[in-house]
Structure formats: structure tokens, C-alpha cells
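Colleague: I should like to learn how to read the features of a model such as this one. Could we begin with what is meant by a nonpolar core?

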Amino acid sequence: MNNKLLKLARLNNAPEIFHSIQGEGKSIGVPSVFVRTSLCNLHCIWCDTDYTWNWKGTRFSHVHDALPAYEKFDKKDWIAQSSVEQVADQVCSYQCSNVILTGGEPMLQQPVLAELMKYLVEKNPEFRFEVETNGTLIPIPVFDQYVAQYNVSPKLSNSNNSKKLREKPAALQFFAQSLKANFKFVVAEEKDMEEVLTLIKSYQIPAERVWLMPEGTTAEALAARRQWLVEICKKHHFRYSDRLHIQIWGSKKGV
Ligand code: SF4
């Protein structure tokens, strides 16, 4: 029995673990089980999983702070502590081998997530793990050995994180050199592309491991940027990715 606890996002009074399809990037459309961890080391102003970090008392801002009905989150109500065995049992119940560790920032909990992956592959070697990360933390070997794919999404200045926080050169160098890492950038405007191209050049990220996705939280917003972004992908030999979860479910959580 493993005594370490995972801090997961709590949604509808339960740890956020759900069966869906990968909505974006290299594995788009693949049926997957998502395990959403709580806590993040960044605080993107437009974050759509702000219930993993935007706690009452934080000095950080979020675009929703201005909405009359929006309140920052009470940390104790939005974190579910679960054992490795509890999480593994739920993951196994879906009978789906592709598991996506997402967040928040899952790499803040590498040792216990390594335990989870170890436990799952001992039950069934067909389990395959993807990690969604903001690319600021270097994988430790005990964690890295189980990961098949990193979906690295470096944040740009539009996230409202300082450059010092969002751009960690050693971590980006690690991912640029790892063939397991794919980079995905959400792009809203020309200025974002300038930053994306600077990052790609600085860290020598190969074009075939870069996916660009339109910014938007509605199908209409995605559609408005799609053709423009496809032309940019063609020009730079990047991959284009849609955002299926938004097309299908809009901004609904836990699907
Ligand atoms: S890195 Fe991801 S989870 Fe963290 S604040 Fe930014 S968008 Fe949200």
C-alpha cells in the first residue's frame, strides 16, 4: 500500500478523473482517461482551470475576477486528496489505455505521479501516459521513464506571467531535445506568433514537433482564426491542431 496522496482537482465533489478524447495536439481524437491534478506554478490570466490555483487571498489576477458572480476559490474545497490506489482503480474502471496527466501543472507532483504510473503498468503494461505541462519543470528520471509523450505548452506574455516565471531555459532545453516532447501554442494574434517564433529559434525546436492552435473558448472564435493560422502553419512547416473539446462541448468542464 502506498501512503502518498495525490492532490487532484475537485469537481462536483469528486476528484476530477474522466473518460473522453484527447482534444488537441498530436493525439487528437484518441480516447483517453484524464487525471487532473490541482496546483500550478503559473497563474495565466485567462486560465480555464483556474479552480486549480486561483485561491482566495492570492495576489494574482484572473479575467473572471471582474465578473459579478465570480469568486476566487477556497483551496480546501477544491483539492481532493486521493491515494495512488484510489486513482488507479478509477482509471482502470474505464478500460482505456491512454492516460493523460493534466492540471494545473501535474509536474509539481512528479514523485507520486511516478508511483501512480508504476502501479498502473504493473496492473496492465498496455497503459500509456501523456503529460500536459507548461514546460517550466524538468522531469525527474523516475517520472520520465513512464511517460510516452509530453504535450508542452509554453506560455506567452499574454498569460500575464513574468518572463522569469514562464520561461525556464533548462526545462525548455530538455523538452526541445526530447523526442517524446511535442510543443503546442495557442495563438490569438500576430504578436503571439512573434513570441512563438522567438522561442522556437532560441531552443531549436524542430518544426515537425510544433502544433499551433487558434485561441478561443467558442466554436465561432476558433473558426474566426482557423484559416489565418493554417496559412502560418503552411509557411513555417508547423502542424495545425483544432481544439475538439471546445468544438464539441464549449467551455464545459470534466468532459
Ligand atoms: S499553466 Fe495551465 S493550469 Fe497553470 S495557470 Fe496557466 S493555463 Fe492554468
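Modeller: A nonpolar core is a set of buried Ala, Val, Leu, Ile, Met, Phe, Trp, Tyr and Cys residues joined through side-chain atoms within 4.5 Å. Please keep in mind that this is a predicted model.

Colleague: How many residues has the largest nonpolar core, and which have the most contacts inside it?

Modeller: The largest core holds 47 residues, and those with the most contacts inside it are V91, L116, F143, Y150, F185 and L212. Helix 3, residues 110-123, gives the most to this core, namely six residues. Apart from the largest core lies another, of seven residues, among them Y51, W55, Y70 and I79.

Colleague: With which residues is Y150 in contact, leaving aside its neighbours within four places in sequence?

Modeller: Contact means heavy atoms within 4.5 Å. With those neighbours set aside, Y150 touches M107, V131, P139, F143, D144, F175, K180, A181 and N182. For the chain, 69% of the contacts with a separation of 6 or more are between residues 24 or more positions apart.

Colleague: How should the overall fold be read?

Modeller: Secondary structure comes to nine helices and eleven strands. The radius of gyration is 18 Å, close to the 18 Å that the globule rule gives for 255 residues, so the chain is as compact as a globular protein of that length. Its C-alpha atoms fill a box of roughly 50 × 45 × 35 Å along the principal axes. Of the 255 residues, 49% count as buried, and carbon and sulfur atoms hold 53% of an accessible surface of about 12,300 Å².

Colleague: Which residues are around the ligand, and how do they divide by character?

Modeller: A residue is near a molecule if one of its heavy atoms lies within 4 Å of it. Around the ligand are C40, L42, H43, C44, W46, C47, T49, W53, G104, N134 and K155. This shell divides into six nonpolar residues, four polar and one charged. G104 is also joined to G103 by a cis peptide bond, with omega about 15°; G104 is found in the loop between strand 6 (98-102) and helix 3.

Colleague: Where do N13 and Q95 lie, and are they buried or exposed?

Modeller: N13 is in the loop between strand 1 (5-11) and strand 2 (14-15). Although N13 is not a glycine, its phi is positive, about 65°, and N13 is exposed, with a relative accessible area of 71%. Q95, in the loop between helix 2 (84-93) and strand 6, has a positive phi near 50° in a residue other than glycine. Its relative accessible area is 77%, so Q95 is exposed.

Methods:
Residues numbered from 1 in each chain as written. Predicted model: local features only at pLDDT ≥ 70, side-chain atom pairs only at ≥ 80, totals over all residues. Heavy atoms only, no water. Nonpolar A, V, L, I, M, F, W, Y, C, P; charged D, E, K, R; others polar. Helix = DSSP H or I, 4+ residues; strand = E, 2+ residues; numbered from the N terminus. Rg over C-alpha atoms; globule rule 2.2 N^0.38 Å. Buried < 20%, exposed > 50% of the residue type's maximum accessible area, 1.4 Å probe, protein only. Areas by Shrake-Rupley, 256 points an atom, 1.4 Å probe, with all protein chains shown as cover.
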